[in-house]
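Reader: I would like to learn how to read a model of this kind feature by feature, beginning with the general idea and then turning to the case at hand. Could you take me through it?

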Amino acid sequence: MTRTKLFKYGDWGIYILFIVIVLGLPLVMTDVFWLNRIAKYLVYGMLGIAIALSWGYAGILNLGQGLFFGLGAYMVAMSLKLQSYTSLQQGSDTPVPDFMLWNAEPGAPTELCCITSGSWLWLPFQAQWFGMVMAIVLPVILALVLSSAIFRLRVSGVYVAIITLALVLLVRLLIIDAQPITNGFNGLTDLGWLTIGGFEFDPYLVSTYYIVAVSICVVLLATRWLVSTRAGLILQSTRDDPNRSRYLGYDVAAYQVFFFTVSAGIAGFAGMLYVIAAEFASPSFLDITFSISMVVWAAVGGRSSLIGAAIGAILINTIEATASETEMFREAWKLIIGVIFVAVVLYMPRGLAGLARDAVGLFAQTRDSGKTRTARSGAPAE
Amino acid sequence: MSEILFIGLSLSSILLLIALGLSITYGAMGVINMAHGELVMIGAYTAVLSGIYLNLNLFFALPLAFVVSALVGLGLEKLVIRRLYGRIIDTLLATWGVAIILQQLIRLEFGLSFFGIHIEGLGPGLQNMDVPAFLTQPFEIAGIPIQPYRSFIIVVTLLLTLLTWFLMYRTSIGTQVRAIMRNPQIAAACGIDVRRVSAFTFAYGSGLAGIAGVLLAGFKTVMPDMGASTVVDGFLVVVVGGVGSLLGTVLASALLGQINGVFAILTNDILARAVVFGVVIAIILWRPRGLFAFKSR
């Protein structure tokens, strides 16, 4: 086996192992509480993939990925809120979210059309499919507009990070300010369950776990395929040297816009799945801390490896959940994660994926040198 | 009208106070220091602790906080940032980790809380710094009510800005810093000790953060994550003003502070901040190098 073949098989081996573990987990883990937790971390893993795609492959650091995640979450949460049992109990034939009643002007009719100013925006969300479609469409449209502006104007590097950072903060404030239609700081809680064909996806069901598990596997394989296409290769060339790619005749901005948008779409999809598993949406999804945490997960797992970033996200969050069982250790764990992060940036910039790759490389090297040694020592005997 | 301007001016001075240190570390050294807010926080805790244990008031806490934050900054430069020059995104990520570490150290009282030892003034709780009485009594000049503490902040900020200008443009070390800003390799070739000057510059910027912390402690509660929210505002000011331009930073903080003040009165605090972010995004899209960046190749 040659060195490159070894890398290739190793790569596919990791992918297959990952998919087998993710899909096979419910067979081993029967605790539904933990299964639900893992489902949430798989969603974070999907965010890791989205970050690796834009940061590792496109060289675009998006510090506002929480924006797309949050919008996706809110869109589907609006639909699920209207399916909630409490929304049907507000004294109207059609569902009305409970918090709207608390925010209503005195004398306003208890109807979705006009109970608070702007509440009519909720009308189409009475259909569950609308919320689910919008959870991907809205982030994609926003990302398309935003990235077109950014990349056509040839804004690059750290400035992209700053713009996305400012935008996520801006939208977070707008959501908090629009209390009558978003429930402000409190977010959307007390949601109904996702219902498909009469089947209710209770978040603590194994079938709900499988929605998330299958989704992350599909996203992982799809992005892996995407970066190996011609477009993916051109994208990587624009990351390494945008000017040279431009001189070679490629429309650099078009590739950047496309992959930025795909990454945003994945984040929106992740937001949707998170709401299905966690049953709430809140402005904290748009906190800077959350957006930067995603980048941290990807960096620890390996910023230029899709599966590495996913594993990094899942691993960090699982360890964190285990560590936070005791109050004291929770604070200490945060300290440790800070240290890990500094250490990863300083000493392991390619993350866990880089480490694995080095290990395979080392293995190949020792084996090869072992071979030459036996060949040499065997020579005189012949 | 004058009241609105004063509110804006007061907001501007706080922005400038935080941005001043950043404009030096980011502008001169190309380091995005996400731990800048934590250096602010350390300054605030220095004021609290020196009040409790040394009975020092605000005026003595200012130089003390400068020294403490500068020393922490110096350590940070030597241990982490020195290895990351030229990797701007990595400085952002590594200092984010440093920020978490510093916050947790205060929250866990440097780990002593594991052994059941509690230090008054540290820990996860809220702290307060006493402000001398004569700085809290509002008074009037020619019928205009004056908030003495806010005015004090404005005056200190002005003095620090002047001092920074003097250091950067009228001393030999300032010339060296500006040379490094333009081109570190050529500066080194001209005989400037880039490492030493960079360490000094970073320590000075960190010290300014410490002073900002003391002043913030006068009207904000002191807690471990108080700095985290300030650093982003500081960055936006520096980027809007133009990286490496002291004048740009001053004008940008004036602009953003006034916009914030005016919209806060027209609408509410939340929307006013949203407007500020909107303006920042528009300016960066329009002129990524900022409003007053020097021309460079």
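Author: What follows is a short dialogue on a predicted model.

Reader: Where should I begin with chain A, and how many helices and strands does chain A have?

Author: Chain A has 15 helices and two strands, and its C-alpha atoms fill a box of roughly 100 × 55 × 45 Å along the principal axes. Of the 382 residues in chain A, 45% are buried, and among the contacts in this chain with a separation of 6 or more, 75% are between residues 24 or more positions apart.

Reader: How should I read a single helix, and what span does helix α1 of chain A have?

Author: As a general idea, an α-helix has 3.6 residues a turn, so residues three or four places apart point the same way. Helix α1 of chain A, residues 3–28, has 26 residues and reaches 35 Å from its first C-alpha to its last, which is close to the 38 Å expected at 1.5 Å a residue. There is nevertheless a bend of about 35° at A:V22, with a proline, A:P26, following within four residues.

Reader: Why can α1(A) be described as lying largely in the open?

Author: The count of buried residues in α1(A) is one out of 26, so this helix lies largely in the open.

Reader: Which residues have the most contacts inside the largest nonpolar core?

Author: In soluble globular proteins, nonpolar side chains tend to be buried together. Here the largest nonpolar core has 208 residues, and those with the most contacts inside it are A:L42, A:V43, A:L47, A:I49, A:A166, A:A270 and B:A44. If neighbours within four places in sequence are left aside, A:L42 is in contact with A:V22, A:V212, A:A213, A:I216 and A:I314; A:V22 is also the residue at which α1(A) bends.

Reader: How many residues does each chain bring to the contact between chain A and chain B?

Author: The size of an interface is often given as the accessible area lost when the parts come together. Counted by residues, this contact takes 34 from chain A and 32 from chain B. On the side of chain B that touches chain A, the elements giving two or more residues are α4 (88–107), α9 (228–241) and α11 (269–286) of chain B, and α4(B) gives the most, with twelve residues. By class, that side has 25 nonpolar, three polar and four charged residues.

Reader: Which residues of chain B does UniProt list as "transmembrane region"?

Author: An unreviewed UniProt entry lists residues 51–76, 88–106, 149–168, 202–223, 235–258 and 270–287 of chain B under that name. Residues 88–106 of chain B are 100% helix and 0% strand, with end C-alpha atoms 27 Å apart, whereas residues 235–258 of chain B are 83% helix and 0% strand, with end C-alpha atoms 17 Å apart.

Reader: What is the sign of phi in A:D190, and is A:E279 buried or exposed?

Author: Most residues other than glycine have a negative phi, and most peptide bonds are trans. A:D190, in the loop between α7 (179–182) and β1 (194–196) of chain A, has a positive phi near 60°, and with 15 other C-beta atoms within 10 Å it is partly exposed. A:E279 also has a positive phi, of about 60°, and lies in the loop between α11 (252–278) and α12 (288–301) of chain A; because 20 other C-beta atoms lie within 10 Å, A:E279 is buried.

Terms used:
Residues numbered from 1 in each chain as written. Chains lettered and ligands numbered in written order. Predicted model: local features only at pLDDT ≥ 70, side-chain atom pairs only at ≥ 80, totals over all residues. Expected span 1.5 Å × (residues − 1). Bend = angle between axes of the 7 residues up to and from the residue. Buried ≥ 20, exposed ≤ 12 C-beta atoms within 10 Å, placed from the backbone. UniProt positions renumbered as here; feature names shortened; annotations may be inferred. Contact = placed C-beta atoms within 7 Å. Nonpolar A, V, L, I, M, F, W, Y, C, P; charged D, E, K, R; others polar. Core = buried A, V, L, I, M, F, W, Y, C linked by C-beta atoms within 7 Å.
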